[in-house]
Amino acid sequence: MNRVERAVLIERRVKLFFFSASLILLFVVLMEVTNLLVSFLLAFGTYFLMAPAVDYMERKGISRLWATVIPFLALTLAISIGIYLFIPSLTEQVHTLQLKLPQYLDAINKIISHLEQQVGSFINPVFPIEVEGKIEPRISAWASVLLRELPDYLSSSFTILILVPFLTFFMLLDGREFVRGLIGMVPNNFFELVLNLNYQISSQIGGFIRARLIESIVVCLLIWIGLLAIGFPYALVLAIFAATLIIIPYLGPVLGALPAYFISLAGGVNSGQLLGLTLVYLAVHVIDAVVLVPFLVAKIVDLHPVTVVLAIAIGSQMMGILGMIICIPVVATLKVTSAALYRHFTDFRT
Amino acid sequence: MNYIWDNIFRDSHKEKSIRQKIKANFLFQDLSHTELRLLEKIVNVRNYRPGENIFRQGDVGVGMYIITKGTVNIYVEEIVPETGEPKTAHVTQLKEADFFGDLALVEENGRRNASAVAHSECILIGFFKSDLMEITGRNPTAGVKILLRLGEVLGQRLRETTAKIAELKEQNGVTL
């Protein structure tokens, strides 16, 4: 190995060290600092939602700074109006739901115990397994944890409320320069590969996140309007819940509808209300499947149902409900990355 | 004190020279001062040592490079039909202000059809597909200007290749 080759090797190692160290540091900071991961993910989502508007304004000849400031102020204004209009009723709905939770859980317990007995009498002659008393504690624990932790989430939301706009603003203004600086640290022999990966990941994942968020917002609005129309209580809370879970493919629509059914059944079996609920959720999911998904589908990374279920299982084990939601974009990123790496390394070399 | 001022001067001079080098390139010569300033923020400046690979034949092509300092050798690896062994042929040596790899800007997952290796200490300005997409998104006028010039370059290359094929066919007595 001559002097130049040695210098190239040392340079590559130094660059690789700094590049990897920067990524690891970023990851550790995100995982360790309270609220930072959630804030970062929300900022990332908002960034992908706002980026087209910022680019559009820049195309019209406005400087990047003003093209960022104007949509940013417009969104802040819209969110402030939204908070002013909806937070009182949302808080009231959550509060009422918290108060009535023991009552609902008690009613649900009865229904589930009844179901368990029926299922048990049907299954036990064939498979002598004990199902009684196993499903209900899980559901009640999950529901009470969700509602008990909700105020904690809301109290930490003050930090998030400050961090998210701050991060989003600088992602929009300087995000590309930051990524360019990071890629600049990559050694020459990996430079084109990393650049290509970054291009493919940012274009596909950007589209994926944007499509999912738009889908989620539309679903939230439709369910809210639908539930209001049939006069169902907690319309806003249930719509937000369903819209958040719709991000999870296949399982999301079913899980998102469950609380409404539990609440309905807890108040006694009312076939008219149940029919109304079914119609609302079914209509929204038909609109989602027939209109929203085909319209946005080109931008959504296609994931196999088995992959989705496995990802959700791992995500929920690691980070609970948040893990179930963020695992899908993470898996989609991993899929795009591995596909790009596979193509890069295995295709022919002429 | 002089030392500090010297450095500041050198930095601004370096930036200015990058803009000038971009402006001097055929692809970017129609760009206005503002468009060049945007492009300057988008491109990547890379340093290579002698013998270092810039890209290898068969790699996925991501974009083009402009040489601002040094020389670059272009090699093609071929399989000799008689022996089945690979043979590396030196195609050309590119010098300052030359550019290469531009076909990758318009190809979707296209492969590099030659290898580029730094012959001396090189400073290259990399302009990649993602940069072309970014400039087209942020300033479509600049994007169109670059794309028109790129079309011209590719058209010129096609004409030269067609002429070369015609010449070779004539040499071998094949009628067109």
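A crossing of two helices is left-handed if the near helix is turned anticlockwise from the far one by less than a right angle, and right-handed if clockwise. This is a predicted model, where local features need pLDDT of at least 70, side-chain atom pairs count only at pLDDT 80 or more, and totals for chains, interfaces and linings use all residues. Residues are numbered from 1 along each chain as its sequence is written, while chains are lettered from A and ligands numbered from 1 in the order in which they are written.

**Exercise 1.** Describe how helix 7 of chain A packs with helix 8 of chain A.

Solution.
- Step 1. Find the helices (DSSP runs of H or I, at least four residues, numbered from the N terminus; strands are runs of E, at least two). Helix 7 spans residues 251-266 of chain A, and helix 8 spans 271-296.
- Step 2. Take the angle (0 to 180 degrees between N-to-C directions, with axes fitted to C-alpha atoms, for helices over the stretch in contact). The angle is about 165°, and the axes lie 11 Å apart.
- Step 3. Classify. Angles over 145 degrees count as roughly antiparallel, under 35 as roughly parallel, 65 to 115 as roughly perpendicular, the rest as oblique. Helix 7 of chain A is therefore roughly antiparallel to helix 8 of chain A.
- Step 4. Add the hand: the crossing of these two helices is right-handed.
- Step 5. Name residues in contact (C-beta atoms, placed from the backbone, within 7 Å). Helix 7 of chain A contributes, among them, A:Ala257 and A:Tyr261, and helix 8 of chain A contributes residues including A:Leu277 and A:His285.

**Exercise 2.** Lay out the sheet of chain B with the order 2-7-4-5.

Solution.
- Step 1. Strands pair if DSSP finds at least two bridges between them. This open sheet has four strands with antiparallel pairing.
- Step 2. Find the edges. Strand 2 (53-55) and strand 5 (86-94) of chain B each have a single partner strand, so one side of each lacks a neighbour in the sheet.
- Step 3. Add the twist, which averages 30° from one strand to the next.
- Step 4. Look inside. Strand 4 (residues 72-79) and strand 7 (residues 115-118) of chain B are joined by four bridges. B:Ile74 faces its opposite residue B:Ala116 in strand 7 of chain B.

**Exercise 3.** Find the helix that packs on the sheet with the order 1-8-3-6 in chain B.

Solution.
- Step 1. Six bridges join strand 3 (residues 63-69) to antiparallel strand 8 (residues 122-128) of chain B. B:Ile67 stands opposite B:Leu124.
- Step 2. Helix 3 (residues 129-138) of chain B touches strand 3 and strand 8 of chain B. Its direction makes about 55° with that of strand 8 of chain B.

How values were computed:
Two residues are in contact if their C-beta atoms, placed from the backbone, lie within 7 Å.
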